Each structure stands twice: as structure tokens, then as C-alpha cells.
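Visitor: I'm new to looking at protein models. Could you walk me through this one, a question at a time?

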Amino acid sequence: MKSAVGLGLLSSALASTHQNNINHVPQQQAFLQNACPSDSVLHNGECLSSGFAIPSTTESVSFQENGTLSLDESRALAARAEDFHWTFWPECYSSATTPEPVCVFTDQSFADGRGIFIVTTSKLAHQMLKKPAFADPKNALNRINKHSNPPFIQYEFPGKGRGLVANKTLNRGDQIFASTPLLITNPVSYEILETERLRLAHRGVDTLPPSSKASFWALLDHFKGDPVDDRINTNAFEIEIDGVSQYGVLPEIAMLNHDCRPNAAYFWDEETLSHYVHATETILPGQEITITYINNERSREKRVKNLKANWGFECSCSSCSAHPFFVAESDARVEQIAELAGYLDDWTPASKATPEMAEALLSLYVQERLHASMGVAYKHAAEAYSSFGERDMAIRYARLAVEYVVLDKGFRDRDVREMQSMAKDPSMTWSWKKRVGHKRANAGCEHAH
Ligand SMILES: *[C@@H]1O[C@H](CO)[C@@H](O)[C@H](O)[C@H]1NC(C)=O
Ligand SMILES: *[C@@H]1O[C@H](CO)[C@@H](O)[C@H](O)[C@H]1NC(C)=O
């Protein structure tokens, strides 16, 4: 069964002159009639009057036997189309559950020729073009994909595989690298037939610029199966775009190994469509640079299971391979972190939260070497002090929260903005003096900082 569909624009253009070709893709006619009124065509997610400039209908476009366009044909067609951003005419598939077809959109010139392919609907692809990464790349991408003279070398660890080792001292907040994905796939692609979803992924890889295609094929695959799908599944990171969770593949970040107590953190910035990696503590030359692939505030057993199931490897970092005595201590601290955070999150009049609890929480994060996720602990501390009306301590921890949260959650994160406001003036924030009058367990032996 062939359900390859061209976009409405193309098909309408061809309908009058190339009836024979359309017959190769019988399903698309039904779809097209539903998608737009009969006097208009679907283009970049919008129904436009069919007077809209279309690729010259006098030139012939020949489909292959199976109703798809060859790469050369689709490139030529995209070049002829007016006001058409993508390098290739997209190949699309629809199904009963997707009102709009799912297509592969490739832009070979994206990010200075690094290129990208996006598997999504025409409408969402069009929305993506409004992001500064596409609309204003000069500004948006000026710190991105700068991979010459990096602060690390690639190293082959015996028994563990490749990783990155610092070759200069990195301080907290230093950018290790930032890059744009080679591909983005929207979960809507799982609504078409699996063979068609794979077909779009293969087409996407085939249309990447040569060096990006090579980086894609150099990725490791853990699960075996379709070679493209495997590499995507093994290396994809969840990214959010316009409120929708999607997957992106970034070959650079895939070179960073996992550690349950990492020294670097990453975040996705949806305006620049970029993944940033920063040091979260001092990293000395010779130390491996690591990130976490999972939530580390869990017991060792849960972490090991999660890594095996989702990433296909045995956790070998020091907090996974320690002597059972140390593992038990570590698990107990992690459990206590959750307990204290629970108290600190309680904003009812019965709350037992105190700033001392927040201090204990901070200490546990340090003991556990959870530096990369300390932002949330500093935020708890800032709010706890603010809630008892302790202005200067609230400011102290709000500033630290901004520094750490941003490395983990990004420039535009809500917590970052909240902590910036608190650092300016705690008395203007919602938590100010919320708990004044509450019992303070250790009152009398106030913080000795
Ligand atoms: C259609 O045929 C071409 C050329 O034989 C082939 O490369 C392509 O993978 C086929 N596409 C599908 C969807 O079968
Ligand atoms: C670190 O290694 C990279 C190669 O991965 C090299 O380009 C860079 O110049 C080196 N930096 C230092 C400070 O040696």
C-alpha cells in the first residue's frame, strides 16, 4: 500500500497536467480535498489560494515507480518553488489518525551549512521557521556549533568506550560546547506506519550535508535493528518546542558519557534550537567531562535499571560501583533529600519547614556531590529564608540559585526569573514572610555563616 503524498501545492499543480503520476498515489486526493477548500492548496501549513506561485507546471516532474520523488527531482522542485524554505520537496505520509501528513523537511543551509532535517507536519515545520535559529541565525547562533579549538580531547576509555577529557581548567559556567541538532522528530511521526516512519528517517539522513551525514553514521547504536532508527533511539534527547516534547539528535553531546554525579549539565534552548553544555563545577585537565542521562535523585538500584532500559548500558560510575556500605549511605542521603524537599515544599499553615532544614538539604547535596542539580536546593533555601523574612540570606541563596539553575534549565526558565526577582528584592516575592510566626526548631542557635 502506498500512501506517499506530496504536499498539496505540488499535487494541485500536477493534477491538471500529470494525471498519470497522481494515479500512483491514489490516497492523496482524498486527503487533499479534506485539508483545504477546493480553490486553495496547502502550503507551509496554510491554505493558500491556488493562484499562489507554484513550481512551473509546464516542466515535468516524474515520480519514481513507487510514487516518491528522487532526491534530484525533489531538490529541483524545491528550488523552483517560490517562497519555499526547504532544500528538498518533502516526502510525506498520512494515516487515518493524522489529519495532516507527516513529512521530512530538510534545510541543508541551516546553521552555516551544518544542516538539519525535521520530521513533523507541514504546519509545525512552518512554525519552526519563525524561531530566531532560522529567522535570525546571525545573532541566535553566534555561539553555536563552534567546534574548533575545544577545551577537551576525545579519549577511548578501556572497557567503557569514548568520552571527552578536559585539556584545560573549566570553571562553573564555562561553555563546553553548544550545538544544533542534526534532526528533530515530532511524536506525531509514530502515528504513521512504522515502515513509513523509517522511510522518512532514512530520507532525512540521505538529505543531510555530507559532513553531518558522516557524524550521524558515526553515532553508536545499542539496540540493533534498523540502522537509522537505532542511532536515533540510542542518542536522542528529549527537547521541547512550542510546548511539544520531541526528540533531537546531537552528535557532540552523544560523546559525553553518563555519570550519576556529573560535572557538567546541559539544557535545550528552543529559540536558538540549540543544546548548551556548561561546566557545573571546576573541571581540571585530565578529568572526564560527564553529564547525566537520568534523574539522579533516586536509589542506586533505580538508576541502574533506568540506564539499562533506556540507554542500554550498565552503570559503571563510582556511585553505582561503590562498596555496598557506601551505596547504602548514598541511598539514605538521597532518601533524606526527598524527605526534606517535601517539608520545604509544604506552604500550608501547618508547614514544619525552616531555614535550618534548607541548610541540611544543601549539605546533603554537597555530600552526595549532586552539584549539577544544586539549583533546586538553593532555590529551596532562598525561599525558606524569605518565608521567615530573612532578607540577606534569601538574597545570598537566590543569587546562587540563578547561577546553578540556569546551567540545568536554561536562560528562559521560570525558576531563573523568579530567583532573579528574589535576588533584587525578596520582599516583593510571593514567599516573603509567609512563615513568620511558625515554630523554628533550632531557634537560638541561628546559622553561623
Ligand atoms: C522508491 O523507489 C526508490 C528508487 O527505487 C527507492 O530509493 C526508495 O527507497 C523507494 N521509496 C519507498 C517509499 O519505497
Ligand atoms: C585541547 O584539545 C583540542 C583537540 O580536541 C585542541 O584543539 C585544543 O587546542 C586543545 N586545547 C589545549 C588548551 O591544549
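**Sulfur pairs and a ligand**

Guide: Happy to. A search of the whole structure turns up two disulfides. Keep in mind that this is a predicted model.

Visitor: What is the handedness of the disulfide of Cys92 and Cys103?

Guide: The sulfur atoms of Cys92 and Cys103 sit 2.2 Å apart, and the two form a disulfide. The torsion about their S-S bond is about 100 degrees, so this disulfide is right-handed.

Visitor: How many residues apart in sequence are the parts that Cys92 and Cys103 tie together?

Guide: Start with where each one lives. Cys92 lies in strand β4 (residues 91-95), while Cys103 lies in strand β5 (residues 98-107). The pair therefore links parts whose separation in sequence is 11 residues.

Visitor: Are Cys92 and Cys103 buried or exposed?

Guide: To count as buried, a residue needs under 20% relative accessible area. By that test, Cys92 and Cys103 are both buried.

Visitor: Now the other pair. What is the relative accessible area of Cys320?

Guide: Cys320 forms a disulfide with Cys315, their sulfur atoms 2.3 Å apart. The torsion about that S-S bond is about 85 degrees, so it is right-handed. Cys315 is buried, with a relative accessible area of 10%. Cys320 is buried too, and its value is 1%.

Visitor: Which cysteine sulfur is nearest to that of Cys260, and why do the two not make a disulfide?

Guide: The nearest one is 3.3 Å from the sulfur of Cys260. A disulfide needs the sulfur atoms within 2.5 Å, so Cys260 is in none. Cys260 is buried at 0% relative accessibility. The neighbouring sulfur belongs to Cys317.

Visitor: What is the relative accessible area of Cys317?

Guide: Cys317 is in no disulfide either, its nearest cysteine sulfur being that of Cys260. Cys317 still counts as buried, with a relative accessible area of 7%.

Visitor: On to ligand 2. How many charged residues does its shell have?

Guide: The residues around ligand 2 are Asn149, Pro150, Phe152, Ile153 and Asn167. Sorted by class, three are nonpolar and two are polar, and the number of charged ones is zero.

Visitor: How much of the accessible area of ligand 2 does the protein cover?

Guide: Let's look at the contacts before the area. Oxygen atoms of ligand 2 come 2.8 Å from a side-chain N or O atom of Asn149 and 2.7 Å from a polar backbone atom of Phe152. A polar side-chain atom of Asn167 is 2.3 Å from a ligand 2 oxygen. On its own, ligand 2 has 370 Å² of accessible area, and the share the protein covers is 51%.

Key
Residues numbered from 1 in each chain as written. Chains lettered and ligands numbered in written order. Predicted model: local features only at pLDDT ≥ 70, side-chain atom pairs only at ≥ 80, totals over all residues. Heavy atoms only, no water. Near = heavy atom within 4 Å. Polar contact = N/O pair within 3.5 Å; in protein donor to acceptor, adjacent residues only side chain to side chain. Areas by Shrake-Rupley, 256 points an atom, 1.4 Å probe, with all protein chains shown as cover. Nonpolar A, V, L, I, M, F, W, Y, C, P; charged D, E, K, R; others polar. Helix = DSSP H or I, 4+ residues; strand = E, 2+ residues; numbered from the N terminus. Buried < 20%, exposed > 50% of the residue type's maximum accessible area, 1.4 Å probe, protein only.
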